[in-house]
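Me: Please examine the structure below with me. I should like each descriptive term to be justified against its definition.

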Amino acid sequence: MNESILKRLRELSVEERLGSLPKASDRQVLEEWLLSGVGFAAAGGPLEDAYYRALRKLFDCIAPMVDESPVLFEGGGYSGCWMESTGTINSELLSRFVPSVARESFLLFARYQKEDGQLPYKVTAAGPAYRQIQMVTPLARSVWNHHELNGRDDGFLRTMYEAMARYDEWLAAYRNTRGSGCVEAFCTFDTGHDLSPRFWHVPDTCHQDDARQVNPDSPLAPYLAPDLTANVYCQRLYLARMARWLGEAGADGGGEEKAEEWKGKAEEWEGKAAEWESKAREWESKAGETLESLYRWCFDETDWFFYDRDRQNRFVRIQSDVLLRVLACEVGDREFFDGMLERYLLNTRKFFAKYPFTSIAMDDPRFDPFSGYNSWGGTSNFLSLIRAPHAFEHHGRFVELTWVLNPIVSALTRMDRFPQTLSPWTGEAGFTETYSPSILCLLDYVERLCGIMPRPDGELWFTACLPYPQDHGGTVAAETAYRRRVDGVLYEWTVTVEGGTAYRNGEPLLSIPAGTRAVTDRQGKLKRVVGMSVRPVEGHVRCQGMELPLAIEGNEQLELSEEGLVRVLKPGIVFPAYG
């Protein structure tokens, strides 16, 4: 079977699968996609057709906005780029496929920064908008990952760093009116939580459409908001990374050429590097202060949950996807995250619906599962689904993440459109269509389950997990094949029920059993193997002229050394709970 699916991949034409592309900018985007080498084939199910429907719809969400450079649009009736999604997590995912579009989408927000430091919450063809902040995924993390993944563009990094540093000052000046050190939500739209009971009786928009003002007559706002506070915490951690990089690469963002020019100016170089190191430490200190404020004001040790504090200094006791947002901002260690998995994220009474994650805990009487309109009052949202992997993978919870990936991929293959919401009970498509987060969700999840995924740290992930036929026993894909070009090298990857086999420029590279992941460097040299199944997996790893016996448990990581595959991590598995 491996040979037939490989043949299918090699004969596949992405251009033919896409068909006619009407916009003038589509050719430029297609050429960049083809340069990435990414292609996907599947047999024995609807996944391949769903994949190319998604890719075709992605082109509908990419177009020039204010000049000739294409940018990513939110889609689904939302015109333009939105900070909470298009300008952060959406573009972070797009960076793996069409990095120039992601870069231009990030830069839109710096380009339209106000003189006082405020960034727009969205940019449309009509111009930038500023009436709320609407930040969820930390912009700095998305920018840093793009920079690391795509050749380290120091001019881009410096531009974004300076914009985000100024925005940090703006937030400190205008969104800490109660002096807590937390970031305050003035209105519903500050967090993008439309129709959420979290914000019942709080205005949707800021006072007089000014993001610096809260309604003075509100009995509840401003909130000390855990998701906004965690965002700034994580933002500051990544700004510290950027400062160190800019110090090493040349304090004026000149990169390697400038560093070469300064070789004869050792004292000046050391002084500038020290200055940037001081900035990095200052960011880390500020991040620590923000984290302390988050726990002091927004964490309830009784419920073990993060809540807003309202104007009366009371917890707003509504358990929402605020938790997932905070965890995706790298708050807490693995033990803390595991506790949140058991209590909440993998709890079928809370957020772990048949098609997770709900936006309000299911045992809350205010939970509304209806997905036919723009709602964060209960239904599952694709924005939550594309933000979730970072939270899980940051703590090595790879197996648990597959329990999210599988039902969502199955649901997407049954949909005739790409919506914002889906029913947590049935997986049926909900509100709107041609929505870039759900389009990117399918492309991303396929790569995480059975594709080749490049990482910002320089690793490649080859994962051998076929989507499981969970919905009515319907096969999603009986076997798959994926390809991607990395540093001029074409990698191919086939996955069958037996396992995965990788090829480098057409030659066999490595093979692993089903239910595992091979982690390599960008040259394809094996570094370690990860257990991706709840069951223990036994078999052999073939790589670099060796055949190594393998026995690995879920989430276990075995590193390749002179002694063979040696365990470096065995965190076990956190199982679903019921209340």
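Reply: The turns that follow take up the terms one at a time. This is a predicted model, in which local features need pLDDT of at least 70, side-chain atom pairs count only at pLDDT 80 or more, and totals for chains, interfaces and linings use all residues. Residues are numbered from 1 along each chain as its sequence is written, and side-chain values use heavy atoms, with hydrogens and water left out.

Me: How do you know that the radius of gyration agrees with that of a compact globule?

Reply: The globule rule is 2.2 Å times the number of residues to the power 0.38, and the radius is taken over C-alpha atoms. For 579 residues the rule gives a value near 25 Å, and the protein has 23 Å, which agrees. The C-alpha trace spans about 70 × 70 × 55 Å along its principal axes.

Me: What makes E84 and R387 a salt bridge?

Reply: The term requires a side-chain nitrogen of Lys or Arg within 4 Å of a carboxyl oxygen of Asp or Glu. The N to O distance between E84 and R387 is 3.6 Å, and the pair therefore qualifies. The two residues lie 303 residues apart, E84 in the loop between β4 (81-82) and α5 (86-94), R387 in helix α14 (residues 382-394). Helices (H or I, at least four residues) and strands (E, at least two) are DSSP runs, numbered from the N terminus. Both E84 and R387 are buried. The structure holds 47 salt bridges.

Me: Why is R281 called exposed, and what is E277 called?

Reply: Buried means under 20% relative accessible area, exposed over 50%, and partly exposed in between (1.4 Å probe, protein chains only). R281, at 56%, counts as exposed, whereas E277, at 23%, counts as partly exposed. These two residues also form a salt bridge, with the closest N and O atoms 3.0 Å apart. They are four residues apart in helix α11 (residues 266-298), and are therefore separated by about one helical turn.

Me: Which burial terms apply to R317 and D300?

Reply: R317 has a relative accessible area of 44% and is partly exposed; D300, at 5%, counts as buried. Their side chains meet in a salt bridge of 2.7 Å, N to O. This pair links distant parts of the chain, with R317 in the loop between β12 (315-316) and α12 (322-328) and D300 in strand β9 (residues 299-300).

Me: How do you know that the span of helix α8 agrees with expectation?

Reply: The expected span is 1.5 Å times one less than the number of residues. Helix α8 (residues 154-174) has 21 residues and should span 30 Å; its end C-alpha atoms are 30 Å apart, which agrees. Buried residues in α8 include F156, L157, M160 and W170.

Me: What makes β22 and β25 a pair?

Reply: Two strands pair if DSSP finds at least two bridges between them. Three bridges join β22 (residues 526-531) to β25 (residues 557-561), and these antiparallel strands therefore meet the requirement. V530 stands opposite Q557 in β25.

Me: Why are β15 and β26 placed at the edges of their sheet?

Reply: The open sheet has six strands in the order β15-β16-β21-β22-β25-β26, with antiparallel pairing. β15 (452-454) and β26 (564-569) each have a single partner strand, so one side of each is left without a neighbour in the sheet.
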